[in-house]
Amino acid sequence: MPRKSEVVVVVGGGVVGCFIAYRLAIEGVAVTLVERDTPGTGASGTAGGNVQPTADSYGEFEAAIGAESLRLFRRFLPDIKEASGIDPQDQEVQYLHAALNDDEAGQVRSQAEILYKAGLKAQWIEGADARKIEPRLSSDVLGGMLLRDCVQMDARRFVSALAESARASGAQMLVAEVVGLQRDGNRVTGVLLRDGTEVSCDTVVLAMGAWVGTVGSEW
């Protein structure tokens, strides 16, 4: 007996929601992205627009996730640009995380080692070498981590490219505000919109960034 086709609703048109909708659509999943405004008008579109792996909060786990995220970004970006026809103005850049005292130097060295072990182009450089890269650096800078695995782009254009790629791949785009979840007993079966409409599905993905915890608890 053939497997029933999955129907997915993604709530939130930021970078995560749009990318999930895009990936599901190109896999042939029937997906609807629900966003109350234009994709990228929230936090994603006003972000710094940098893909920069770090290890300052969760160490090796964070570094591994960052390395994989960067790899996926580079893998899918050419297809996203082609499908959307939008150039997010991406460019490879490098960052220097400077240390001004011995405590900071120890922390930055440790981060550089963790990121390097994760396969990223990260290294500790002394203050003199840092000032060769940027002569305007203070003489108080003892050194820093030079991270050369970073990408910078126009965040709003990138989210627009993701949304357009999802649409071009078959995702449905719905401008509406989700106010709750539709249920059948303990199972979530869809979302409720402010105008009273119910959108049924097999799976709901909440991709509303920092608001997921609060809204999810209320719903």
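**Notebook: helix H2, an aromatic cluster and aspartate 149**

Entry 1. I began with alanine 83, which counts as partly exposed because its relative accessibility is 36%. I note that the model is a predicted one. I located alanine 83 in helix H2. Setting aside neighbours within four places in sequence, I found alanine 83 in contact with Ser165 and Ala168. I also checked alanine 83 against alanine 155: the two are 72 residues apart in sequence, and their C-alpha atoms are 18 Å apart in space.

Entry 2. I stayed with helix H2, which covers residues 59-84, and looked up isoleucine 65 within that helix. Its relative accessible area is 46%, so isoleucine 65 is classed as partly exposed, given that the partly exposed class lies between 20% and 50%. I then asked which residues join Ile65 in a nonpolar patch on the surface. They are Tyr58 and Phe61, and the three together have about 390 Å² of accessible area.

Entry 3. I turned to the aromatic rings. A search of the whole structure returned three aromatic pairs. One that I examined joins phenylalanine 19 and tyrosine 22, with 6.2 Å from centre to centre and 45° between the planes, and is recorded as tilted. Both residues belong to helix H1 (residues 15-26); they are three residues apart there, and therefore about one helical turn separates them. I compared their accessibility: phenylalanine 19 is partly exposed at 27%, whereas tyrosine 22 is buried at 4%. I noted further that Phe19 and Tyr22 form one aromatic cluster with Phe76.

Entry 4. I next examined aspartate 149, which I placed in strand E6, residues 143-152. Is this residue buried or exposed? Aspartate 149 is buried, because its relative accessible area is 6% and the buried class is under 20%. I then followed its side chain to its polar partners. The side chain of arginine 74 is one of them, in a polar contact at 3.1 Å. The backbone nitrogen of lysine 121 is another, reached by the aspartate 149 side chain at 2.9 Å.

Entry 5. I listed what surrounds aspartate 149, leaving out residues up to four places away in sequence. The residues touched are Val51, Pro53, Leu70, Arg74, Gly119, Leu120 and Lys121. Arg74 and Lys121 in this list are the residues I had already recorded, the former for its side chain and the latter for its backbone nitrogen.

Terms used:
Residues are numbered from 1 along each chain as its sequence is written. This is a predicted model: local features need pLDDT of at least 70, side-chain atom pairs count only at pLDDT 80 or more; totals for chains, interfaces and linings use all residues. Side-chain values use heavy atoms; hydrogens and water are left out. Patches are made of residues with over 30% relative accessible area and no salt bridge: like charges are joined within 9 Å, nonpolar side chains (Val, Leu, Ile, Met, Phe, Trp, Tyr) within 5 Å. Accessible areas come from the Shrake-Rupley method with a 1.4 Å probe; for residues, only the protein chains shown count as cover. A salt bridge is a side-chain nitrogen of Lys or Arg within 4 Å of a carboxyl oxygen of Asp or Glu. Helices (H or I, at least four residues) and strands (E, at least two) are DSSP runs, numbered from the N terminus. Buried means under 20% relative accessible area, exposed over 50%, partly exposed in between (1.4 Å probe, protein chains only). Contact means heavy atoms within 4.5 Å. Rings of Phe, Tyr and Trp (its six-membered ring) pair if their centres lie within 6.5 Å; planes under 30 degrees apart count as stacked, over 60 as edge-to-face and the rest as tilted. A polar contact is a pair of N or O atoms within 3.5 Å; within protein, one must be able to donate a hydrogen and the other to accept it, and residues adjacent in sequence count only if both atoms are side-chain atoms.
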